[in-house]
Amino acid sequence: MRTAPTTPFDLGRSVPVPNVQELAAIISATEGNGAGEVPDRYVRPEAEADPVASPADGDELPVIDISKLIDSEFLEEQELAKLGFACREWGFFQIINHGVSDETINKMKKDIMEFFKLPLKEKEAIKQLPGGIQGYGQLFVQSEEQKLDWADLLVLSTHPFASRDIKFWPANPTTFRDTLDKYSAELRKLTGCLVRLMAKDLGIKNPELLGNLLSEHLQSVRINYYPPCKHASKVLGLSPHSDGTGLTVLLQANDVNGLQIKKDDRWFSVKARPGAFIVNIGDHIEIMSNGRYKSIEHRVVINTDKERLSIATFHSPPFEVVLRPFPELIEAEEERYRAITVGDFMKAYMTDRLDGKRLLESLKLKK
């Protein structure tokens with residue numbers, strides 16, 4: 001009898017692909033003799049063709065000070081309104097004074113960097129197995145002809161505890177497992193706080209319900225390594241997509257930027273603030289808010305000279321939950337999305353290639 005899935009990764013599959021860190025090193029070493037070309041499967045014409053907003057355009061990702069929302073005797077309505085604006089108009093924002101300790105953050109960054117410095121043979125000791133996607137490798141590769149992202153990933157389930165497959169958790173660095181355990185626990189607490197604040201902004205009668213749905217159930221991490229590429233304008237580190245989860249919390253592990261979000265039909269480059277997390281609304285929250293909050297397309301571009309590392313932590317309701325708007329949000333307006341269980345949504349999302357907001361768009365009800 002097939003075991004019931006305990007994590008979104010149990011629902012997915014991905015075709016094995018070459019290691020990009022090793023490929024980048026080979027290309028860099030052969031650059032001078034004319035052999036250092038990017039393989040065709042990684043060449044992405046849209047990387048150069050799509051319009052990109054310049055810093056001079058004046059847009060800046062909203063920054064939310066969490067201490068103003070949880071440490072004061074009275075919740076600061078102005079900061080809550082700012083959070084609501086960020087969720088409605090941007091779908092992305094940065095948070096500061098978030099309560100996650102510098103020690104926890106710095107240990108996580110250090111262990112990520114140390115892991116990707118290991119020899120390829122040692123990293124591949126925890127590589128993904130056929131039919132599964134936890135471990136070291138890639139995601140969302142569904143065919144041998146598909147265009148590929150310029151990245152290597154370490155994909156792990158962190159909560160609930162029973163969903164953890166420890167054989168894929170690196171034993172080197174020796175501190176990695178303990179660090180990730182503490183880091184993921186702190187992010188569950190932070191996510192619960194954030195989502196309860198969002199529920200207050202939306203006017204949901206029971207903010208605790210939404211908070212618990214996203215902080216006490218499915219949590220996973222995708223640890224990203226984006227090698228440098230002398231032909232950076234030809235490749236993409238991560239294909240354009242919205243996150244098929246509830247809420248994502250991203251930590252940039254070094255000082256190299258590369259995240260871009262789509263706003264007003266142009267790509268906007270995000271400059272990560274030191275000590276901040278970058279938070280984005282996932283497809284699940286867009287449905288549950290009846291479209292008031294928006295999940296936003298985003299992608300990653302590559303640096304010509306420097307590697308980029310990050311860790312994205314995803315939070316979702318349990319599989320059996322039916323995704324639909326909260327009742328109080330559709331008292332005065334029509335429901336905008338077809339109801340679907342988290343499990344069915346995840347299965348559709350994890351077994352396809354990344355392609356903008358295609359899945360979410362297919363669930364919109366026609367007016």
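Okay, let me start with a cut-off: a residue counts as buried when its relative accessible area is under 20%. Keep that in mind for Asn290, which has 0% relative accessibility and is therefore buried. And before I go on, what we're looking at is a predicted model.

So, Asn290. It sits in the loop between helix H9, residues 283-288, and strand S11, residues 298-300. What is its phi? Near 55 degrees, so a positive value in a residue that isn't glycine. There's another residue like that, Asp265, with phi near 65 degrees, again positive and again not a glycine. Asp265 is in the loop between strand S8 (259-263) and strand S9 (266-269). Buried or exposed, this one? Exposed: Asp265 has a relative accessible area of 65%, and the cut-off for exposed is over 50%. So one of these positive-phi loop residues, Asn290, is buried, while Asp265 is exposed.

Now, the annotation. The unreviewed UniProt entry puts a feature called "domain: Fe2OG dioxygenase" at residues 217-317. If you take that span on the model, it's 45% strand and 6% helix. How far apart are its end C-alpha atoms? They lie 6 Å apart.

Let me pick out Thr245. You'll find it in the loop between strand S6, 238-241, and strand S7, 247-252. Thr245 has a relative accessible area of 9%, which is under 20%, so we call it buried. What does it touch, once you skip residues up to four places away in sequence? There's a run of Gly282, Asp283, His284 and Ile285, then Phe314, His315 and Ser316, and finally Met346. Arg299 is 54 residues away from Thr245 along the chain, and their C-alpha atoms are separated by 16 Å.

Next, the helices. With two packed helices, you describe them by the angle between their axes and the distance between the axes. Here I mean H4, residues 77-90, and H7, residues 176-202. Their axes are 9 Å apart, and the packing angle is about 90 degrees. That falls in the 65 to 115 range, so H4 and H7 count as roughly perpendicular. Who makes the contact? From H4 it's Leu80, Leu83, Gly84, Cys87 and Arg88, and from H7 it's Leu197, Met198, Lys200, Asp201 and Leu202. Sorted by class, that contact has six nonpolar residues, three charged and one polar.

Cys87 on that list brings me to cysteines. How many disulfides does a search of the whole structure find? Zero. For Cys87, the nearest cysteine sulfur belongs to Cys193, and it's 13 Å away. A disulfide needs the two sulfurs within 2.5 Å, so that pair doesn't qualify. Cys87 is buried, too, at a relative accessible area of 0%. Cys229 is another buried cysteine, with 3% relative accessibility.

Last stop, the prolines. Which peptide bonds are cis? One runs from His159 to Pro160, with omega near 5 degrees. Another joins Asn172 and Pro173, and omega there is about 5 degrees. Where are these prolines? Pro160 is in the loop between strand S4, residues 152-159, and H7. Pro173 is found in the loop between S4 and H7 as well. And H7, remember, is the helix that packs against H4.

That's my tour, thanks.

Note on methods:
Residues are numbered from 1 along each chain as its sequence is written. This is a predicted model: local features need pLDDT of at least 70, side-chain atom pairs count only at pLDDT 80 or more; totals for chains, interfaces and linings use all residues. Side-chain values use heavy atoms; hydrogens and water are left out. UniProt positions are given in the numbering used here, feature names are shortened, and annotations may be inferred rather than shown by experiment. Helices (H or I, at least four residues) and strands (E, at least two) are DSSP runs, numbered from the N terminus. Buried means under 20% relative accessible area, exposed over 50%, partly exposed in between (1.4 Å probe, protein chains only). Contact means heavy atoms within 4.5 Å. Axes are lines fitted to C-alpha atoms, for helices over the stretch in contact, and angles run from 0 to 180 degrees between N-to-C directions. Angles under 35 degrees count as roughly parallel, over 145 as roughly antiparallel, 65 to 115 as roughly perpendicular and the rest as oblique. Ala, Val, Leu, Ile, Met, Phe, Trp, Tyr, Cys and Pro count as nonpolar, Asp, Glu, Lys and Arg as charged, and the others, Gly among them, as polar.
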